[in-house]
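Student: Could we go through this structure together? I would like to begin with the ground rules and then turn to the details.

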Amino acid sequence: MNLKTLSAAAAVLALAGLAGSSTAGAVPGTASGDGGNRIGTLRVNGDAYVKEGGLSATWVKESGNVKQVALSGNRIGVLTGDGVAWVKEGGLSATWVKEATDVKQIALSGNRIGVLKDNGEAYVKEGGLSATWVKESDKVKELELSGNRIGVVTGDGVAWVKEGGLSASWVRESDNAIGIDLAGNRIGVLVGNGVAWVKEGGLSASWVREADDVIQLELSGNRIGVLKDSGDAYVKEGGLSATWVHEYTHAIQIALSGNRIGVLKGDGDARVKEGGLSATWVLEAGDVTELALS
């Protein structure tokens, strides 16, 4: 995420004065991670920064002219303003590898890299940074990766997920979808009326209605996070019917990873907390337009 979609999210950004930032027009990607210790931010001027370690670690500038930043394990991905996707593996100062051109979204998970092209074609590669691309689908609006699962939302509003190899068969998950998120054996979809649904288990498991009036849905481990159109951020931990905990007000983005929760405020302040749902917030950076956790 990336803000996870929507005209509603765009409206929130516009109200926050951020719609003209370098992220304008970028397709949302995955903001949430699987429990890593990296935090990424995209700044108003298009610079991408990443820190590794504790919440007070030092920022390292990764690239300029960036539209999207994505993190997974020891990989960092950026999408630059000219539509080029780059990925590095290893330390924060590792060398960039050019992955693809004409890209509007990049996604990372484990040893998989995904790109969504300007023409709506989605590709995923598995293995090293120079592995061969496999075409996954056409007419795609959003691409998500998690473990051995791949999720897409197509232009007709259908959410599809496949599990296993890159050439596995797609399973139709939901209609009227405007966003999808994956984490472990959980699948989340946000539908056009602002309702967030999550299922746990196999691809044909039953949906559980999680929240209404949602503009962003994020999953990580056994946590679910939602951002309401009011700017209120909520997180629950445990089963799909666990109780929501109010985390923040006046937020325009939420991100989850392991026991970390991140929020981005309309004034550009990015905050992250670590530990329980009621842990203390730490101010990470200002002038931020996008927040990502590994």
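Tutor: What follows covers two sheets, some buried residues and the aromatic rings.

Student: What kind of model is this, and how are residues numbered?

Tutor: This is a predicted model, in which local features need pLDDT of at least 70, side-chain atom pairs count only at pLDDT 80 or more, and totals for chains, interfaces and linings use all residues. Residues are numbered from 1 along each chain as its sequence is written, and side-chain values use heavy atoms, with hydrogens and water left out.

Student: What is the strand order of the open sheet that contains strand 28?

Tutor: The order is 3-2-1-28, an open sheet of 4 strands with antiparallel pairing. Strands here are DSSP runs of E with at least two residues, numbered from the N terminus, and two of them pair if DSSP finds at least two bridges between them.

Student: Which strands stand at the edges?

Tutor: Strand 3 (60–63) and strand 28 (288–293) do; each has a single partner strand, so one side of each is left without a neighbour in the sheet. The twist from one strand to the next averages 25°, where axes are lines fitted to C-alpha atoms and angles run from 0 to 180 degrees between N-to-C directions.

Student: How many bridges join strand 2 to strand 3?

Tutor: Strand 2 (residues 48–52) and strand 3 run antiparallel and are joined by 3 bridges. Y49 has K61 in strand 3 as its bridge partner.

Student: And the sheet with strand 8: what is the order there?

Tutor: That open sheet has 4 strands in the order 8-9-10-11, with antiparallel pairing. Its edge strands, strand 8 (103–109) and strand 11 (134–137), each pair on one side only. Neighbouring strands of this sheet are turned by 25° against each other on average, direction ignored.

Student: Which residue stands opposite Q105?

Tutor: L116 in strand 9 stands opposite Q105. Strand 9 (residues 112–117) pairs with strand 8 in the antiparallel sense over 6 bridges.

Student: Changing topic: is Q68 buried or exposed?

Tutor: Q68 is buried, with a relative accessible area of 1%; buried means under 20% relative accessible area, exposed over 50%, and partly exposed in between (1.4 Å probe, protein chains only). Q68 lies in strand 4 (residues 66–72), and its side chain reaches the backbone oxygen of I106 at 2.8 Å.

Student: What does the side chain of E247 join in a polar contact?

Tutor: The side chain of E247 has a polar contact of 2.7 Å with the side chain of K273. A polar contact is a pair of N or O atoms within 3.5 Å; within protein, one must be able to donate a hydrogen and the other to accept it, and residues adjacent in sequence count only if both atoms are side-chain atoms.

Student: Where are E247 and K273 placed?

Tutor: E247 is in strand 23 (residues 245–248), while K273 is in strand 26. E247 is buried at 7% relative accessible area, and K273 is buried at 4%.

Student: What else surrounds K273?

Tutor: Not counting residues up to four places away in sequence, K273 touches several residues, including L55, N259, S278 and W281; contact means heavy atoms within 4.5 Å. A polar atom of the K273 side chain lies 3.0 Å from the backbone oxygen of A279. K273 and R260 are 13 residues apart in sequence and 5.6 Å apart in space, C-alpha to C-alpha.

Student: How many aromatic pairs does a search of the whole structure find?

Tutor: The search finds 1 aromatic pair. Rings of Phe, Tyr and Trp (its six-membered ring) pair if their centres lie within 6.5 Å; planes under 30 degrees apart count as stacked, over 60 as edge-to-face and the rest as tilted. Y248 and W281 form an edge-to-face pair, 5.4 Å centre to centre with 85° between the planes.

Student: Where in the chain do Y248 and W281 lie?

Tutor: The pair links distant parts of the chain, 33 residues apart: Y248 is in strand 23, and W281 is in the loop between strand 26 (270–274) and strand 27 (282–285). Y248 counts as buried at 14% relative accessibility, as does W281 at 19%.

Student: Which residue lies over the face of W59?

Tutor: R43 does, at 5.1 Å from the ring centre. A charge sits over a ring if NZ of Lys or CZ of Arg is within 6 Å of the ring centre and within 35 degrees of the ring normal. K228 lies over the face of Y234, at 5.7 Å from the ring centre.
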